Amino acid sequence: MTITTKLEAALTYASWGWHVLPLVPNDKRPASAHGVHDATTDLDKIRAWWAQNPNYNIGIAAGEKSGIVVFDIDPRNGGSDSWDDFTSEHGGVPDGICQLTAGGGQHHIAEWREGLKSCELRPGVDFLANGRYFVVAPSSVNDREYTWEESSDPIDGICPFVIPESWLAAMAVRKVIVSATDGELITGNRNAGLASMAGSMRRSGFSASEIYAAIMTANTERCDIPLPLSDVKRIAESISRYEPEHDVGASTALGDAAAESLIGKDADVIEKLNAIFGDELGSDYEAPNELVEGLITIGSTVVVYGDSNSGKTFWALSVAASIAMGTTCYGRKTDPGLVVYLASESPTSIRSRVQAIKKHYSDNLENLVIVQAPVNFYQGDGDANDVIELVRKVEEMKGQSVRLIIPDTLARISAGANENSGEDMGPVMSRFDVVAAATRACIMIIHHNGKDAAKGSRGWSGIRAHIDTEIEVTEKDGVRSVTVTKQRELPSKGEAIYFKLQVIEMGRTKFGKPATTCVAIPDEESQEQTPHKPLTKHDQNVQLLERAWHASGAEMRNNCPYLSRSALIDVIVADGNSQRTAENKVAPGRKDGLIMPMLNAGVMRPFEHGWIFVNPQQTNAMLMLSNAKE
């Protein structure tokens with residue numbers, strides 16, 4: 001059989017019973033609203049998907065649905081060596097389907113076997129079963145193709161192999177606690193081990209935040225394959241429901257029995273997962289808890305980044321001073337409170353800049369605390385725990401809450417870590433989570449640009465995915481601005497604030513010359529006159545779509561913002577375009593039009609005679625703006 005198009009391939013896979021889903025062209029991300037849950041063998045549905053975009057990549061749902069499971073070997077994460085070790089220990093790979101991946105690895109496809117769950121089998125080797133999907137030929141990612149291995153091509157009739165019993169035995173082995181260098185390494189029964197540790201702490205009167213901080217560390221350093229952060233948080237919250245010295249909570253025995261009695265394995269799942277029905281929410285809207293109006297929220301994690309000498313530290317200090325003094329911040333209201341500044345990069349410089357702020361505003365800044373000793377969130381939990389303890393101490397001394405913690409800079413506070421490594425930076429970001437959870441403060445991290453400023457802040461891409469808000473600081477031709485480049489809770493993405501540095505004379509140098517530093521203050525002239533950097537074509541199109549939705553009455557369908565085709569055409573015509581131009585712009589099959597790029601980017605999807613917006617962050621911002629206009 002010869003397959004020439006992706007649609008033909010998708011239909012062929014579906015005819016075998018493999019459940020197909022569309023993926024964004026040249027990418028692994030789902031192009032449908034619900035990802036793997038949309039996977040289907042319905043040929044009409046598949047034709048409709050690829051009619052929208054013939055270049056969609058193809059995904060296949062693994063597990064019971066399709067009757068297949070996948071051993072996914074990724075050599076970039078050590079998968080080749082791990083796979084060699086596994087097969088040498090438990091037997092070679094039987095003859096069957098094999099795919100060569102875009103990343104230089106392999107997909108070995110076997111028959112589905114009940115009871116086997118998706119997991120990381122070895123470092124760099126993922127076992128894909130229920131709830132997971134994989135990319136198949138003739139898809140490509142980053143312009144690199146997926147291809148079936150010539151002698152293992154299912155198009156030629158090669159079938160999935162049966163998982164050998166020796167493999168099953170190795171995959172089903174009940175892991176136990178084993179000896180480790182600094183204590184005991186939890187290689188299995190992770191929930192049991194962490195729950196038992198938490199129970200012992202609760203017996204001694206530890207709080208929920210203390211328990212969470214401790215077992216988060218244990219999860220990172222002692223669990224062979226750490227649990228997801230949500231599971232760790234659930235354990236801490238569940239254990240903390242018990243009163244100290246409670247018999248159940250006092251159990252320190254490792255094993256399933258202790259963990260199940262502590263967590264409540266048979267407890268009502270609705271209570272366990274804190275699920276709530278829509279009709280229980282009431283009509284009172286819970287607005288984001290803003291720290292600086294429209295800019296950042298309490299308890300969030302923020303990254304402020306820019307080139308050296310762009311003024312990012314001056315600007316961050318101006319925000320800190322506004323919160324500490326309880327004044328407006330660049331015309332925005334603030335929720336006042338204490339501020340802790342972790343001056344790990346240059347405490348001397350921070351001291352002088354704070355002195356300048358004090359002089360400029362004639363305020364003693366009694367609510368601003370400077371930590372002059374370097375802290376390191378990469379080399380264990382000690383410094384993160386010290387920061388938590390410091391926050392509690394200063395809150396007790398001052399009788400108010402710490403609202404903002406500023407680590408300066410990420411490079412210094414993760415000294416020794418490889419900023420491009422998720423293995424190194426993941427624990428660092430987790431410790432910021434621990435501090436935020438324990439203190440309920442906003443964490444504003446000062447960071448640097450990468451080598452290519454257009455690509456944003458430097459380092460591991462997971463840093464940006466991890467945070468709630470990202471703010472870029474730039475300086476061009478003497479004009480300085482900060483721009484919100486990511487915003488999870490507030491409708492301020494793309495907003496710019498202009499500021500300038502005012503020179504403050506602080507005294508005289510040892511040689512009798514003026515000693516000066518600067519204070520960041522609003523640049524009202526630039527705010528009014530300087531155009532912001534032009535929006536990308538994508539952002540322009542998104543703004544047009546959002547404007548059309550508001551103009552057409554902010555209609556909702558299926559709890560999502562809905563925009564009809566006719567309403568969008570009306571707005572485009574109202575902007576001075578002809579009817580024909582407007583109709584061409586909204587034609588679904590035009591690569592140079594408005595709709596196809598939005599569908600491919602996951603901004604919206606077709607619905608009735610128009611589209612619904614499906615990106616959660618964007619829809620939240622649209623709804624908040626709509627509520628504000630009302």
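In this predicted model, Asp381 is found in the loop that lies between strand S18 (368–371) and helix H12 (382–398). Asp381 counts as buried, because its relative accessibility is 13% and the word buried is kept for residues under 20%. The side chain of Asp381 makes a polar contact with the side chain of Arg431, at 2.8 Å.

A second loop residue can be read in the same manner. His19 lies in the loop between helix H1 (6–15) and strand S1 (20–23), and with a relative accessible area of 17% it is buried. A polar atom of the His19 side chain lies 3.3 Å from the backbone oxygen of Gly17, and a polar atom of that side chain also lies 3.3 Å from the backbone oxygen of Lys65. When neighbours within four places in sequence are left aside, the residues in contact with His19 are Ala39, Thr40, Thr41, Gly59, Ile60, Ala61, Lys65 and Ser66.

**Polar contacts and charges over rings**

The table gathers the distances for the polar contacts described above, together with two places where an arginine lies over an aromatic ring.

| Residue | Partner | Distance |
|---|---|---|
| Asp381, side chain | Arg431, side chain | 2.8 Å |
| His19, side-chain polar atom | Gly17, backbone oxygen | 3.3 Å |
| His19, side-chain polar atom | Lys65, backbone oxygen | 3.3 Å |
| Arg353, charged end | Phe314, ring centre | 3.9 Å |
| Arg557 | Tyr562, ring centre | 4.3 Å |

**Cores and aromatic rings**

Which residues have the most contacts inside the largest nonpolar core? That core has 57 residues, and those with the most contacts inside it are Tyr13, Val20, Ile58, Ile60, Phe134, Trp148 and Leu568. Phe134, not counting residues up to four places away in sequence, touches Ile58, Gly59, Ile60, Ala62, Ile68, Val70, Gln99, His107, Ile109 and Leu128. Apart from this core lies another, of 45 residues, and among them are Met216, Ala218, Val340 and Ile405.

The aromatic rings form 17 pairs in the model, and one aromatic cluster is made up of Phe71, Trp83, Phe86, Phe127, Phe161 and Trp167.

**A sheet and a helix**

An open sheet is formed by 4 strands in the order S25-S26-S28-S27, and their pairing is antiparallel. Strand S25 (556–557) and S27 stand at the edges, where each has a single partner strand, so one side of each is left without a neighbour in the sheet. Strand S25 is joined by 2 bridges to strand S26 (residues 560–564), the two running antiparallel, and Met556 stands opposite Pro561 in S26. Strand S27 (residues 604–607) is joined by 4 bridges to strand S28 (residues 610–613), again antiparallel, and Met604 has Phe613 in S28 as its bridge partner. The hairpin of S27 and S28 has 2 residues between the strands, and in this hairpin Glu608 takes a positive phi near 50°.

Helix H18 (residues 565–574) has the buried residues Ala567, Leu568, Ile569, Val571 and Ile572, and Leu568 is also one of the residues with the most contacts inside the largest nonpolar core. What do the buried residues of H18 pack against? Their partners are helix H17 (537–551), helix H19 (579–585) and helix H20 (595–600), together with the strands S26 and S28. After H18 comes Gly576, whose phi is positive, near 105°.

Key:
Residues numbered from 1 in each chain as written. Predicted model: local features only at pLDDT ≥ 70, side-chain atom pairs only at ≥ 80, totals over all residues. Heavy atoms only, no water. Core = buried A, V, L, I, M, F, W, Y, C linked by side-chain atoms within 4.5 Å. Buried < 20%, exposed > 50% of the residue type's maximum accessible area, 1.4 Å probe, protein only. Contact = heavy atoms within 4.5 Å. Phe/Tyr/Trp six-rings, centres within 6.5 Å; stacked < 30°, edge-to-face > 60°. Lys NZ or Arg CZ within 6 Å of the ring centre and 35° of its normal. Pairing = 2+ DSSP bridges. Polar contact = N/O pair within 3.5 Å; in protein donor to acceptor, adjacent residues only side chain to side chain.
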